[in-house]
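Me: I am new to this structure and would like to go through it step by step, beginning with the whole chain and ending with single residues.

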Amino acid sequence: MKEKIKKVFEQAKIFISDSQAEKLFAFFQILIRENEKYNLTAITEYDDVIKKHFIDSAVAVNYFSGNVLDVGSGAGFPGIVLAILNEKLKLTLVDSLNKRVNFLNMVKDELKLNNITTFHSRIEDFKQKNSFDCVTARAVAELPTLLEYLLPFVKVSGRAIIYKGANCFEEVEKSSTALNVLGGQIEEISKFSLFDNLRTLVVVKKISKSPNNFPRGGNLPRKKPL
């Protein structure tokens, strides 16, 4: 299985070590073993998990450095994958559901991922503002909402690295107010094909400090996006 994972990653032009492949396969085994208990993912076939979760998370690994916050980490995508592929990263994984945090802690312990810290918290209640070099999220919300969840936690000159599908340009067009209010500037939009699935990475640089009252509580980032 180790060699098969390496081969699929190589098809996506991502080159991993034997040790990383072994940990990714162990992660897959834990995910499938615990999936029904924790309701983690509808994607359970081996090839689909590797391509749609692992590689989709891994494509941005070179964008990350330093202290990284993964908001709404869920089953650990991209946070667990990034932790496996770059041991120098210091990952903080936050999720609002305690059972998911319990799962993340299980993976952390079984794979001995010492570069991970987890928190059970709604992001509106998370205290570490202006603390992270990079902040990320995958499959959480539309971009204007997501920027409010992410940018307050990024250091000035740090970056939000956001995983999106193929058609995110309408979301980008709707994000100008959020960018202006929260001190962000779009630095890069990269489109790529991943096994015939079109994906986008949106990289937002933090150019000024976000106002202290963001992100707003009461689910306002979703109900009334900036």
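The questions and answers below concern a predicted model.

Me: How many helices and strands does the protein have, and is the radius of gyration close to what the globule rule gives for 226 residues, or far from it?

Reply: In this predicted model, the secondary structure of the protein comprises nine helices and seven strands. The globule rule gives 17 Å for 226 residues, and the protein is as compact as a globular protein of that length because its radius of gyration is close to that figure, at 17 Å.

Me: What box do the C-alpha atoms of the protein fill?

Reply: The box is taken along the principal axes of the protein. Filled by the C-alpha atoms, it comes to roughly 50 × 35 × 30 Å.

Me: What percentage of the 226 residues is buried, and what percentage of the exposed area do carbon and sulfur atoms supply?

Reply: Of the 226 residues in the protein, buried ones make up 51%. The area that the protein exposes is about 10,500 Å², and the part of it supplied by carbon and sulfur atoms is 46%.

Me: How far apart are the mean positions of the positive and negative charges of the protein?

Reply: The protein carries 33 positive and 26 negative charges, and each set has its own mean position. The separation between these two mean positions is 5 Å.

Me: How many disulfides does the structure hold, and why is there no bond for the sulfur of Cys-134?

Reply: The structure holds zero disulfides. For Cys-134, the closest cysteine sulfur belongs to Cys-168, and no bond is possible because that distance is too far, at 19 Å.

Me: Is Cys-134 buried or exposed, and which relative accessibility does it have?

Reply: A residue counts as buried when its relative accessible area is under 20%. Cys-134 therefore counts as buried, with a relative accessibility of 3%. Cys-168 is likewise buried, and its relative accessible area is 1%.

Me: Where is Val-204 found, and is it buried or exposed?

Reply: Val-204 is found in strand β7, which covers residues 197-206. Its relative accessible area is 1%, so Val-204 is buried.

Me: Which residue, 57 residues from Val-204 along the chain, is in contact with it, and what separates their C-alpha atoms?

Reply: Leaving aside neighbours within four places in sequence, Val-204 is in contact with several residues, including Leu-151, Ile-162, Leu-179, Ile-186 and Leu-147. The one that lies 57 residues away along the chain is Leu-147, and its C-alpha atom is separated from that of Val-204 by 8.8 Å.

Methods:
Residues are numbered from 1 along each chain as its sequence is written. This is a predicted model: local features need pLDDT of at least 70, side-chain atom pairs count only at pLDDT 80 or more; totals for chains, interfaces and linings use all residues. Side-chain values use heavy atoms; hydrogens and water are left out. Helices (H or I, at least four residues) and strands (E, at least two) are DSSP runs, numbered from the N terminus. The radius of gyration is taken over C-alpha atoms; the globule rule is 2.2 Å times the number of residues to the power 0.38. Buried means under 20% relative accessible area, exposed over 50%, partly exposed in between (1.4 Å probe, protein chains only). Accessible areas come from the Shrake-Rupley method with a 1.4 Å probe; for residues, only the protein chains shown count as cover. Lys and Arg count as positive and Asp and Glu as negative; His and the chain ends are not counted. The place of a charge is taken as NZ of Lys, CZ of Arg, CG of Asp or CD of Glu. A disulfide is a pair of cysteine sulfur atoms within 2.5 Å. Contact means heavy atoms within 4.5 Å.
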